[in-house]
Amino acid sequence: MGAHETARDEEFRAFTGSAWSRLLRTAYLLAGDRHGAEDLVQQALERAYVHWNKVRAADDPNAYVRRILINEHARRFRRRPAEYLVEAFPDRPAPAGPDPDDRAVLLTALAALPPRQREAVVLRYWEDLSESQAAAAMNCSVGTVKSQAARGLAKLRESSSLNGLTSIGGSSR
């Protein structure tokens, strides 16, 4: 570590020491508990460290880091699972989904395709992109997407491991 990095780290440590209690108090008010507040301050200081040159050049580094803290809280709030106003949901049947074993077989068969065919099949049929969108994503022509997808689907239809599945590429077996 060079002298510049050492001085930078020492400057950051000094800032952290002086700002910690103030940031923790603000974070506690945002998070509502000490553990959440400590995590929030830690995340904000991690971001501040990464951008320390910009932070220390700001008119008010404390305000800059406080803003980082508030943004981190907002991110955390957006990621929090939804809270429901009812105590329990009524009984309802589980949604029908693909058999996990069928999915594993299909993933194995896809992995056996050459890369371009796999890309075309995944983009067209799993990601539900149009031919032109898939072409843009693959950086090729629409005709290439059409031919690679057709070849990939043909190989999947011929796959002995997929014989038990209902449909591949929209046509029944």
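Two residues are in contact when heavy atoms of theirs lie within 4.5 Å of each other. With that meaning in place, the legends below describe a predicted model, beginning with the whole chain and moving on to close-up views.

**View 1. The whole protein, with its helices, strands and contacts.** The predicted model contains 8 helices and 2 strands, and, read from the N terminus on, these elements follow the order α-α-α-α-α-α-α-α-β-β. Among the contacts in the protein with a separation of 6 or more, 52% are made by residues 24 or more positions apart. The protein has 173 residues, of which 26% are buried. The protein exposes a surface of about 11,900 Å², and 53% of that surface is supplied by carbon and sulfur atoms.

**View 2. The largest cavity and the residues that line it.** The count of cavities of 30 Å³ or more comes to 1, and the largest cavity has a volume of about 40 Å³. The elements that give two or more residues to the lining of this largest cavity are α1 (3-31) and α4 (61-79). The lining itself is formed by Ala 19, Arg 22, Leu 23, Thr 26, Asn 62 and Arg 66. Helix α1 gives the most to the lining of the largest cavity, with 4 residues. By residue type, the lining of the largest cavity divides into 2 nonpolar, 2 polar and 2 charged residues.

**View 3. A salt bridge within helix α1, between Arg 13 and Glu 10.** A search of the whole structure finds 6 salt bridges, and this view shows one of them, in which Arg 13 pairs with Glu 10 and the closest N and O atoms are 2.7 Å apart. Side chains of opposite charge can pair when their charged atoms come close. Both Arg 13 and Glu 10 belong to helix α1, where they are 3 residues apart, about one turn of the helix. Arg 13 counts as partly exposed because its relative accessibility is 49%, and Glu 10 is likewise partly exposed because its relative accessibility is 45%.

**View 4. A salt bridge between helices α3 and α1, formed by Arg 56 and Glu 11.** In this view Arg 56 forms a salt bridge with Glu 11, and the closest N and O atoms of the two are 2.7 Å apart. The pair links distant parts of the chain, with Arg 56 in helix α3 (residues 52-57) and Glu 11 in helix α1, 45 residues apart. Are these two residues buried, partly exposed or exposed? Arg 56 is partly exposed because its relative accessible area is 30%, and Glu 11 also counts as partly exposed because its relative accessibility is 35%.

**View 5. Arg 47 of helix α2 and its partners, including Glu 72.** Arg 47 is found in helix α2 (residues 34-50), and its side chain meets that of Glu 72 in a salt bridge with an N to O distance of 2.2 Å. This pair, too, links distant parts of the chain, with Arg 47 in helix α2 and Glu 72 in helix α4, 25 residues apart. The C-alpha atoms of Arg 47 and Glu 72 are separated by 9.3 Å. Which of the two partners is buried and which is partly exposed? Arg 47 counts as partly exposed because its relative accessible area is 36%, whereas Glu 72 counts as buried because its relative accessible area is 4%, and buried means under 20%. The salt bridges here form a network that links Arg 47, Glu 72 and Arg 75. When residues up to four places away in sequence are not counted, Arg 47 touches Ile 68, Glu 72 and Arg 75.

**View 6. Ser 161 in the loop between α8 and β1.** The last view turns to a loop residue, Ser 161, which lies between α8 (142-158) and β1 (167-168). Ser 161 counts as partly exposed because its relative accessibility is 46%. Which residues does Ser 161 contact, leaving aside its neighbours within four places in sequence? Ser 161 is in contact with Val 105 and Ala 109. In sequence Ser 161 and Thr 108 are 53 residues apart, while in space they are 8.9 Å apart from C-alpha to C-alpha.

Definitions and conventions: Residues are numbered from 1 along each chain as its sequence is written. This is a predicted model: local features need pLDDT of at least 70, side-chain atom pairs count only at pLDDT 80 or more; totals for chains, interfaces and linings use all residues. Side-chain values use heavy atoms; hydrogens and water are left out. On a 1 Å grid over the protein atoms alone, a cavity is a set of points where a 1.4 Å probe fits but cannot get out, and a pocket is an open set with protein on both sides within 12 Å along at least five of seven lines; lining residues have an atom within 4 Å of a point. Grid points are joined across faces, edges and corners, and a volume is the space filled by probe spheres set on the points. Ala, Val, Leu, Ile, Met, Phe, Trp, Tyr, Cys and Pro count as nonpolar, Asp, Glu, Lys and Arg as charged, and the others, Gly among them, as polar. Buried means under 20% relative accessible area, exposed over 50%, partly exposed in between (1.4 Å probe, protein chains only). Accessible areas come from the Shrake-Rupley method with a 1.4 Å probe; for residues, only the protein chains shown count as cover. A salt bridge is a side-chain nitrogen of Lys or Arg within 4 Å of a carboxyl oxygen of Asp or Glu.
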